[in-house]
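Here is a short tour of one protein chain, meant to be read with the structure open beside it. Please have a look at the fold, and then read on.

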Amino acid sequence: MRWTDLGPESEGWETVSRTARYADDHLTVNTEEVKTPSRARPKVWTTVHRKSAVVIAAVTGEGKFLLVRQERIPIRCALWEMPAGQIEESQPSQQEIEATALRELREETGFRLADGGKLIGLGDFFTSPGFTDEREYLFLAQPVEQTGEGRGAGEESIIDCRAFSGMELQEMILANEIRDANTLGLCARLAARGLLALQPVSV
């Protein structure tokens, strides 16, 4: 079994060759020849390998969800998003993933998990598997409380942080005010588990 950035390749998958095209501290771009279970002949594909990340649904004692408003240079726009951040380790343990979630929560929002609170894993998803292997690990942190220290000074361009009710969250999704895959994916996972009550609307 051959090891890849995602872990061991499943039966029927084989990376035949890999040519590096670009690399920096956050991602690498490779052109690869890959055999798949349905193709005996290798398929040439250019893949962006990006660090995994965490996305956190942080819920206050009042049952509201924390969102940060962050400037995103690629789309020249600021978006309301759930706090998130990259995991430094390429093959992180569950403990390292959870530690990253708690750190990003504190740095991006100025909140922390309250005493007796729980950090609950909600699975993971791939942001855009047609061109990248980026994986997002989803968490529910409940309840959270202010640290009293404010938000940390990182590289992120976070310009606001507010708490929204579940109904407000739904209205923002319907109004297309929430448009990033991380937040939409986490909202879907919360709704599927009955942790976010979305009301039916007419179209």
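Of the 203 residues in the protein chain, 37% are buried, where buried means under 20% relative accessible area, exposed means over 50% and partly exposed lies in between, using a 1.4 Å probe and protein chains only. This is a predicted model, in which local features need pLDDT of at least 70 and side-chain atom pairs count only at pLDDT 80 or more, while totals for chains, interfaces and linings use all residues. Residues are numbered from 1 along each chain as its sequence is written, and side-chain values use heavy atoms, with hydrogens and water left out.

**Overall build**

The chain holds three helices and 12 strands; these are DSSP runs numbered from the N terminus, with helices (H or I) of at least four residues and strands (E) of at least two. Along the principal axes, the C-alpha atoms fill a box of roughly 55 × 45 × 35 Å. Contact here means heavy atoms within 4.5 Å. Among contacts between residues at least 6 apart in sequence, 60% join residues at least 24 apart.

About 11900 Å² of the protein chain is exposed, with carbon and sulfur atoms supplying 49% of that area; accessible areas come from the Shrake-Rupley method with a 1.4 Å probe, and for residues only the protein chains shown count as cover.

How confident is the predictor? The pLDDT, its confidence in each residue from 0 to 100, averages 91 over the protein chain, and 91% of the residues score at least 70. Confidence is lowest in strand E1 (residues 3-4), with a mean of 47, and highest in E6, at 98.

**The cores**

A nonpolar core is a set of buried Ala, Val, Leu, Ile, Met, Phe, Trp, Tyr and Cys residues joined through side-chain atoms within 4.5 Å. The largest one has 20 residues, of which Ala57, Phe65, Leu67, Met82, Leu169, Leu186 and Leu190 touch the most other members. Two or more residues of this core come from each of strand E6 (53-60), strand E7 (65-72), strand E10 (111-126), strand E11 (135-146), helix H2 (166-174) and helix H3 (181-192). Apart from this core lies another, of 13 residues, including Ile56, Ile87, Leu105 and Tyr137.

Phe65 is a good residue to centre your view on. Not counting residues up to four places away in sequence, Phe65 touches Ala57, Ala58, Val59, Met82, Arg162, Ala163, Phe164, Gly166, Leu169, Leu190, Leu195 and Leu196.

**A buried threonine**

Thr47 sits in strand E5 (residues 39-50) and counts as buried because its relative accessible area is 11%. Which residues surround Thr47, beyond its neighbours within four places in sequence? They are Thr28, Val29, Asn30, Glu32 and Phe131. Leu105 is 58 residues from Thr47 in sequence, and their C-alpha atoms are 29 Å apart in space.

**Backbone details**

A cis peptide bond, with omega about -10°, links Gln142 to Pro143, and Pro143 belongs to strand E11. Two loop residues other than glycine have a positive phi, as the table shows.

| Residue | Phi | Loop | Relative accessible area |
|---|---|---|---|
| Arg76 | near 55° | between E7 and strand E8 (77-81) | 68%, exposed |
| Asn176 | about 65° | between H2 and H3 | 48%, partly exposed |

Terms used
pLDDT is the predictor's confidence in each residue, from 0 to 100.
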